[in-house]
Structure formats: structure tokens, C-alpha cells
Amino acid sequence: IGCCNRSWSGLAKKVSGSVSARTTADCPVQNRSENSNKMPDIEVNFPFVKSKRSVLKILEMVVAFVAFVCFAASSFSGAFLAVPLMEIFITLAFYLLYLLKLDSKITQLFWPLMDSVNSAFAALFLLIICIAAVVLRTTAGIITGSVFGFLGVLLYTVDTYVIFSLIAFNQTKTTSG
């Protein structure tokens with residue numbers, strides 16, 4: 001038992017009545033030293049970094065950030081700030097998912113479909129808040145935020161189209177060949 005005698009002895013006596021009932025598998029120090037040689041299987045997808053989809057994701061985040069800053073500077077609150085900020089984080093999550101090849105490790109979900117549905121809803125929500133912002137108030141910050149919001153709508157729509165075409169292309173490829 002060795003290392004666990006000192007730190008776990010009181011707990012072991014309370015639970016089982018004696019220290020000898022514990023095994024070395026229960027010792028977190030020994031388990032940590034056995035697993036310390038294993039590195040996580042996270043690898044970077046360098047071809048994705050240079051791809052058009054990567055550039056599109058980065059542009060989506062930048063445009064959503066600029067729209068967020070413009071709406072925040074114009075003293076808007078609520079959905080006008082929440083939608084661009086939420087899309088920054090969701091797009092960053094998908095970017096990291098593809099960058100670190102986590103989509104191939106977490107296979108319970110069909111990630112391209114989730115990404116395309118997110119892009120479609122992002123385009124819809126950005127369109128709604130940009131139209132509402134221009135209708136409610138017309139200041140320089142709101143106009144700038146709405147212009148970048150409409151640009152974001154265009155980028156998210158293109159992203160939806162690209163991902164749906166990749167899904168459809170892969171589907172016809174697997175069924176015909």
C-alpha cells in the first residue's frame with residue numbers, strides 16, 4: 001500500500017475497518033505515476049488551418065466580434081449583444097473541434113450536420129437582430145454593427161451551403177461507390 005498509508009489511512013479505517021483492505025489501484029499517487037507517461041491523443045489538423053472552411057470560421061468570429069463591439073458601444077443590451085457573443089463562442093468551439101480532430105474522436109454526434117444547423121440558425125438570428133436594431137435606433141454604431149451583422153449573415157449562409165454540399169457530396173460518394 002505504501003504511499004496511500006499516510007493520506008488515506010484515516011478514511012480507510014473508517015470505511016473498511018483496516019488499512020490493509022485498500023489496494024494499490026485505489027492509490028491516486030501510484031495511478032498518477034503510471035499514467036504520467038501517456039500523452040493525450042490530441043493532434044492538430046494542419047490541413048484544416050489552411051483550408052477555406054478555417055478561413056470562413058475565423059471570418060465569422062471576427063465579424064461577430066465587430067458586431068458585438070458596435071452594439072455594445074451603442075448601449076444596446078439583451079439579444080443584440082447575446083447573439084453575436086454566443087456565435088463567437090459556438091464558432092470557436094466548432095473551430096477547435098475541427099482543429100484538434102475531436103470530431104473524429106467523438107463520433108456519437110454527426111458534427112457537420114450540427115455545424116450546418118448552427119450556421120443556419122446563426123444567420124437567421126443575426127438577420128433578425130440586425131433588422132430590429134436598424135428599425136429601433138439609427139446611430140453610427142448601430143448601422144456599423146448591422147452592416148457587420150449582415151456580413152455575418154452572408155458568411156454563415158455560405159458556411160451552411162458549404163457544409164451541406166460536403167454532406168451531400170459524401171453521401172452520394174458512399175452510396176454509389
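These notes cover a nonpolar surface patch and two further sites in a predicted model.

1. **The patch.** A nonpolar patch of about 790 Å² sits on the surface. Its members are Met86, Phe110, Leu113, Val117, Phe121, Leu124, Phe125, Ile128 and Phe164. Helix α7, residues 111-136, supplies the largest share, with 6 residues.

2. **Met86 in the patch.** This patch member belongs to helix α5, which spans residues 79-99. Is Met86 buried or exposed, or partly so? Its relative accessible area is 34%, so Met86 is partly exposed. That value also passes the patch cut-off, because patch residues need over 30% relative accessible area.

3. **Lys101 backbone.** Check the phi angle here. Lys101 is not a glycine, yet its phi is positive, about 55°. Where is Lys101 found? The residue lies in the loop between α5 and α6, the latter helix being 102-105. Lys101 has 26% relative accessibility and therefore counts as partly exposed, since buried would require under 20% and exposed over 50%.

4. **Leu151 and Ala64.** Leu151 is placed in helix α8, residues 140-176. Its relative accessibility is 36%, so Leu151 too counts as partly exposed. What separates Leu151 from Ala64? Along the chain they are 87 residues apart. In space, their C-alpha atoms are separated by 9.0 Å.

5. **For the figure.** Label helix α7 with the patch, as the largest share of patch residues comes from there. Mark Met86 on helix α5, Lys101 in the loop between α5 and α6, and Leu151 on helix α8.

Key. Residues numbered from 1 in each chain as written. Predicted model: local features only at pLDDT ≥ 70, side-chain atom pairs only at ≥ 80, totals over all residues. Heavy atoms only, no water. Patch = residues over 30% accessible without salt bridge, like charges linked within 9 Å, V, L, I, M, F, W, Y side chains within 5 Å. Areas by Shrake-Rupley, 256 points an atom, 1.4 Å probe, with all protein chains shown as cover. Salt bridge = Lys/Arg side-chain N within 4 Å of Asp/Glu carboxyl O. Helix = DSSP H or I, 4+ residues; strand = E, 2+ residues; numbered from the N terminus. Buried < 20%, exposed > 50% of the residue type's maximum accessible area, 1.4 Å probe, protein only.
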